[in-house]
Each structure stands twice: as structure tokens, then as C-alpha cells.
Amino acid sequence: MFSGVGCFWVLLSSCLVAVCSFGFLSPAWVVKAPPRPAQPEVSFGLLWHCSGALEQIYSCYASGGLGAFHRIPSGSWQTSAVLCSGGCALLAISSLLAIIAIFLPSGLCERRVCTLAGYMQTAAVFIMASGLLVYPFGLNSATVKKFCENSGIYYAGDCQIGWGYMLAIVGVMLSVFLPFFAKYAPKEHISPTPIPTIL
């Protein structure tokens, strides 16, 4: 028999892995809308750089990845990519542990797996939050300043913060609740009712 909290924890963990991964891979962390319809829209993500006009298909290229990590335009974006990908991976592993935990019989093993997954989720939240806090330092890089004039640290200039960065923030904010659910996810033991004692 599954506990309600445990099932909700697994469902929320799985959804947040998808949200954080989708946000991490999106090319829309910083977006510059074209001032005129004829000019292309430009967007930056952690691993992607895209540009294209409304009439054309977006042309995106990887500015990062296993073979092209050095092409990420800023050292802080490289740091953010490592932190966010590490946090997403840790969140994915803890989500798998959560799935395993709900199928375990009630007892010490189940509580230990839930505790381990909760600690992993706590670490993932801190790691991903650090990556999100480091990312805006890259707005000061020469590549970003070429497209987003007047940009600086924590200031996007002529650009806007995109939906990908916001999605990553929301994912991390919701992930804060996962360790609390992990604490109450183990199934309760059915213990005999204590006999009331009269003083």
C-alpha cells in the first residue's frame, strides 16, 4: 500500500525534474525582441544561442555541451551551466530513489531511502539556486553586450529575462518543498493501540 504523501512526493519530484531540465535546455534565458520587424530576434540560453526573423525559422547553435563547452560566452555562464546541470542530475537521481522508495515495504530501508533522497533534493536545490544566482554575472560579457546594449551584471540592458530563466527559477522554488515531503513520505507503521493507563 502506498502513502498519499509518498505518491505526491514522487509525482512532484518527477514533474520538477522535467521542469528543471526543460528550463536548463531552453534557449530563452535572455531575449532581445527586434525593434523593427525586419530585424532578427536574438536569445541566449545556457547551452544555446538563437537568432531569426519572424518570417524565417530560428537558427540555433550550441554554445556549450560536451564538445563545445569553451564556446559558452562567459565564465559565469559556464559555472552556471555546470551547477544547473549538476543540480538537475541530482534531482533526477533523487526522483528515481523516490520511485523506488514507494515500492519498498514499510520499515528501516524505506525510511533510509527517503532520507537519502531528501538530502539529495536539498543539495540539488542549493546547487541549482547557486547556478541561477551566478548566471546574471554573464550579462557583462562582450558577446551579450554586442546584442544587448548597456547590459551589465544583473542588468539585461536592451534585452529581457526570458521564460527559460523564469521556468528554472520556478522549478527551484518548488523544489524547496521536496525535502519536506521526503520526511513524511515513508508509510506509517501500524502499531497496536496503547492501553491507557490510569494514574
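This is a chat between a trainee and a mentor about the structure above.

Trainee: Before we start, what kind of model is this?
Mentor: A predicted model, where local features need pLDDT of at least 70 and side-chain atom pairs count only at pLDDT 80 or more, while totals for chains, interfaces and linings use all residues. Residues are numbered from 1 along each chain as its sequence is written, and side-chain values use heavy atoms, with hydrogens and water left out.

Trainee: OK, how many helices and strands does the protein chain have?
Mentor: Six helices and five strands. Both are DSSP runs numbered from the N terminus: helices are H or I with at least four residues, strands are E with at least two. The pattern along the sequence is α-β-β-β-β-α-α-α-β-α-α.

Trainee: And what share of the residues is buried?
Mentor: Buried residues are 42% of the 199 in the protein chain. Buried means under 20% relative accessible area, exposed means over 50%, and partly exposed is in between, with a 1.4 Å probe and protein chains only.

Trainee: Let's do cysteines. How many disulfides are there?
Mentor: One. It joins C148 to C159, with an S to S distance of 1.7 Å. The cut-off for a disulfide here is a pair of cysteine sulfur atoms within 2.5 Å.

Trainee: Which hand does the link of C148 and C159 have?
Mentor: Left-handed, with -85° about the S-S bond. C148 and C159 both lie in the loop between helix 4 (142–147) and strand 5 (160–161), so the pair ties together parts that are 11 residues apart in sequence.

Trainee: Are those two buried or exposed?
Mentor: C148 is buried at 0% relative accessible area, and C159 is buried at 7%.

Trainee: What about C84, why no bond there?
Mentor: The closest cysteine sulfur is in C88, and at 6.7 Å from the sulfur of C84 that is too far for a bond. C84 counts as buried, at 5% relative accessibility.

Trainee: Any other cysteines to look at?
Mentor: C114 lies in helix 3 (residues 108–134) and counts as buried at 2% relative accessibility. Its C-alpha is 7.4 Å from that of L97, and the two are 17 residues apart along the chain. C15, on the other hand, counts as partly exposed at 42% relative accessibility.

Trainee: Switching to rings. How many aromatic pairs are there?
Mentor: Nine. Rings of Phe, Tyr and Trp (its six-membered ring) pair if their centres lie within 6.5 Å; planes under 30 degrees apart are stacked, over 60 edge-to-face, and the rest tilted. One of the pairs is F8 with F181, which is edge-to-face at 5.1 Å centre to centre and 75° between the planes.

Trainee: Where do F8 and F181 lie?
Mentor: F8 is in helix 1 (residues 4–25) and F181 is in helix 6 (residues 178–184), so the pair ties together parts that are 173 residues apart in sequence. F8 counts as partly exposed at 40% relative accessibility, and F181 is partly exposed too, with a relative accessible area of 25%.

Trainee: Which residues form the aromatic cluster?
Mentor: W29, F44, W77, Y135, F147 and Y165 form one cluster.

Trainee: What sits over the ring of Y184?
Mentor: The charged end of K183, 5.6 Å from the ring centre. To count, NZ of Lys or CZ of Arg has to be within 6 Å of the ring centre and within 35 degrees of the ring normal.

Trainee: Now helix 4. Is V144 in it buried or exposed?
Mentor: V144 lies in helix 4 and is buried, with a relative accessible area of 0%. V144 and P73 are 71 residues apart in sequence and 7.9 Å apart in space, C-alpha to C-alpha.

Trainee: And V82, where is that?
Mentor: In helix 2 (residues 75–103). V82 is partly exposed, with a relative accessible area of 47%. From V82 to I127 the C-alpha distance is 9.4 Å, and they are 45 residues apart in sequence.

Trainee: Last one: what is odd about phi of Y154?
Mentor: Phi is near 60°, a positive value in a residue other than glycine. Y154 is in the loop between helix 4 and strand 5, and it counts as partly exposed at 47% relative accessibility.
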